[in-house]
Structure formats: structure tokens, C-alpha cells
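Student: Hey, have you got a few minutes to walk me through this one? I'd like to go strand by strand and then jump around a bit.

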Amino acid sequence: MHVKPAVFRRFSARAALAAGLACTLMLSGCAAWRNQTRPAAPVETDPATIVADAQRSAAAANAGAQTVQASKLQKFFWIFSPYRPDIQQGNFVSAEMLKELKVGQSRDQVRFLLGSPLLTDVFHEDRWDYPFYLARGNGELTTSRVTVYFKDDKVERFEGGNLPTEREYIDRIAGPAKVSTKAKPETRPVEAPKVSGAPVIQP
């Protein structure tokens, strides 16, 4: 049986492509396996180091709203992924809400301004945490955190700042508002009809 050269060339090109794809998948699997078998970094158990790490991470979290954009490569690959909805978790605290928060306010006043805290800890009864997490379907990630500290059931201090305004938050969720550029029609004042020279008063 004689095979035409064009058919043989087409088959060999597909076979080379399939072999290259298989090698790539195997190598990526080996790299993932190698990363899983590597020993973990030692964990620091010194109490002072643990407290310092916790304070550093809390300071970074309370620094304000942080937004991370998706890279161009991630956006390209998301063309082939299924629909991803926006995911919002936690309490959104706007810059206007934080401006109303004052030292010396009661717990009820704080609950009225910021809402019920998402995190309350039995071991830290004098601390309320308001974390916020917004993951957009396009890969944009926004996080913020506000922490309120109480002493004798009054606000002693609070951490958190550089938060978005309510308008910025709505623009981030629904997109910026479109401003109409159409010119509004001119309105003329309505004149009262005249009967025999005297104006008629309409009810």
C-alpha cells in the first residue's frame, strides 16, 4: 500500500505537536511534584517573633484598601475559563463612615456607624475587626481592614485608613457612571392666556 507524501507530512506534524505537548505536561507535573517533596521552611516558635509577625501583618492589613490587578497573561487565559462572578465578603467600611468614628463613642454607636463586626474574639473582647474582601470576575482583588479597640466600653483608638469612598466603591462594582453628553432642550416660560387684555388666573 502506497501512502501519499502529503498525508505522511500532515501526520508527522501532528505527532510532533502531540509529543511536545505530552513532554510539557510531564515536565510541569515533575516540577509540581518536586515542589511538594521539598522540605518545608522551619517555623519560628519564639513568642517575641510570633508577636512581631502578628503586629507586622496587622499593620499591613490596617494600612488601608489594597487593590491588586490581574496580569495581562491571566486576563488572556481567562478568555477560556468559565464565567466568574464577583465575590464580596465582610463589612465594607467607606471613608465617609470612618470619618464619623470618634474616640470615646460607645459600642452601640460604633455598631450603628460600621455595622456588626465580622470578627469578635472571646480572648480579645475589647477589639472589633471589620475585614473586607472583593474579588472581581476580571481578577481584580480589593482588601481592606478596620480594627476598633475599646477600653471601658468606649472607643480608645482605631486603625485603618486610605479607604475608598462610597462613590468609588459603586464605580468599582457597577462601573463608572456614564454622563450624558446630549444637550437638554431649552424650556420657555409658559405665559398665561389673556382674555380681553386681562390675564386669566388658572387654578
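**Around strand E5**

Tutor: Let's start with a pair: Tyr 149 stands opposite Arg 157 in E6. The model is a predicted one, where local features need pLDDT of at least 70, side-chain atom pairs count only at pLDDT 80 or more, and totals for chains, interfaces and linings use all residues. Residues are numbered from 1 along each chain as its sequence is written, and side-chain values use heavy atoms, with hydrogens and water left out.

Student: What do labels like E and H stand for here?

Tutor: They are DSSP runs, numbered from the N terminus: helices (H or I) have at least four residues and strands (E) at least two.

Student: OK, how do E5 and E6 pair?

Tutor: E5 and E6 (residues 154-159) run antiparallel, with five bridges between them. Two strands count as paired if DSSP finds at least two bridges. Val 148 is another residue with a partner there, standing opposite Phe 158 in E6.

Student: And which residue is the bridge partner of Arg 127?

Tutor: That's Tyr 149 in E5. Arg 127's side of the story is E4 (residues 124-135), which pairs with E5 in the antiparallel sense over nine bridges.

Student: How many bridges join E1 to E5?

Tutor: Three, and E1 (residues 66-68) is antiparallel to E5. Thr 67 sits opposite Thr 142 of E5 in that pairing.

Student: Is E5 mostly covered or mostly open?

Tutor: Mostly covered: E5 spans residues 141-151, and eight of its 11 residues are buried. Buried means under 20% relative accessible area, exposed means over 50%, and partly exposed is in between, using a 1.4 Å probe and protein chains only.

Student: What about the turns, where does phi go positive?

Tutor: In the E4 and E5 hairpin, with five residues between the strands, Gly 139 in the turn has a positive phi of about 100 degrees. The E5 and E6 hairpin has two residues between its strands, and there Asp 152 has a positive phi near 55 degrees. Asp 152 is not a glycine, despite that positive value. Asp 153 lies in the loop between E5 and E6 too, with a positive phi near 60 degrees, again in a residue other than glycine.

Student: Are those two aspartates, Asp 152 and Asp 153, buried or exposed?

Tutor: Asp 152 counts as exposed because its relative accessibility is 68%. Asp 153 is at 45%, so it counts as partly exposed.

Student: Switching to helices: which residues of H5 are buried?

Tutor: In H5 (residues 107-114) they are Arg 107, Val 110 and Leu 114. They cover an arc of only 60 degrees around the axis, so they lie on the same side of H5. That arc is taken from the directions from the helix axis to the C-beta atoms.

Student: What's on the other side of H5?

Tutor: Asp 108 and Phe 112, which are exposed there. Just after H5, Gly 115 takes a positive phi of about 90 degrees.

Student: What do the buried residues of H5 pack against?

Tutor: They pack against H4 (95-100), E4, E5 and E6. Contact here means heavy atoms within 4.5 Å.

Student: Let me pick on Asp 129. Where is it, and is it buried or exposed?

Tutor: Asp 129 is in strand E4, and at 8% relative accessibility it counts as buried. Leaving aside neighbours within four places in sequence, Asp 129 is in contact with Pro 117, Leu 118, Leu 119, Arg 145, Val 146 and Thr 147. Asp 129 and Leu 119 are 10 residues apart in sequence, with their C-alpha atoms 5.2 Å apart.

Student: And Ser 94, what does it touch?

Tutor: Ser 94 is in the loop between E2 (87-90) and H4, and it counts as buried because its relative accessibility is 0%. Apart from neighbours within four places in sequence, Ser 94 is in contact with Leu 163, Pro 164, Thr 165 and Glu 166.

Student: Last thing, which residues form the nonpolar patch on the surface?

Tutor: Leu 73, Phe 76, Phe 77, Ile 79 and Phe 80 form it, with about 600 Å² of accessible area together. Phe 76 belongs to helix H3 (residues 72-77), and it counts as partly exposed because it has 44% relative accessibility. Patches are made of residues with over 30% relative accessible area and no salt bridge; like charges are joined within 9 Å, and nonpolar side chains (Val, Leu, Ile, Met, Phe, Trp, Tyr) within 5 Å. A salt bridge is a side-chain nitrogen of Lys or Arg within 4 Å of a carboxyl oxygen of Asp or Glu. The areas come from the Shrake-Rupley method with a 1.4 Å probe, and for residues only the protein chains shown count as cover.
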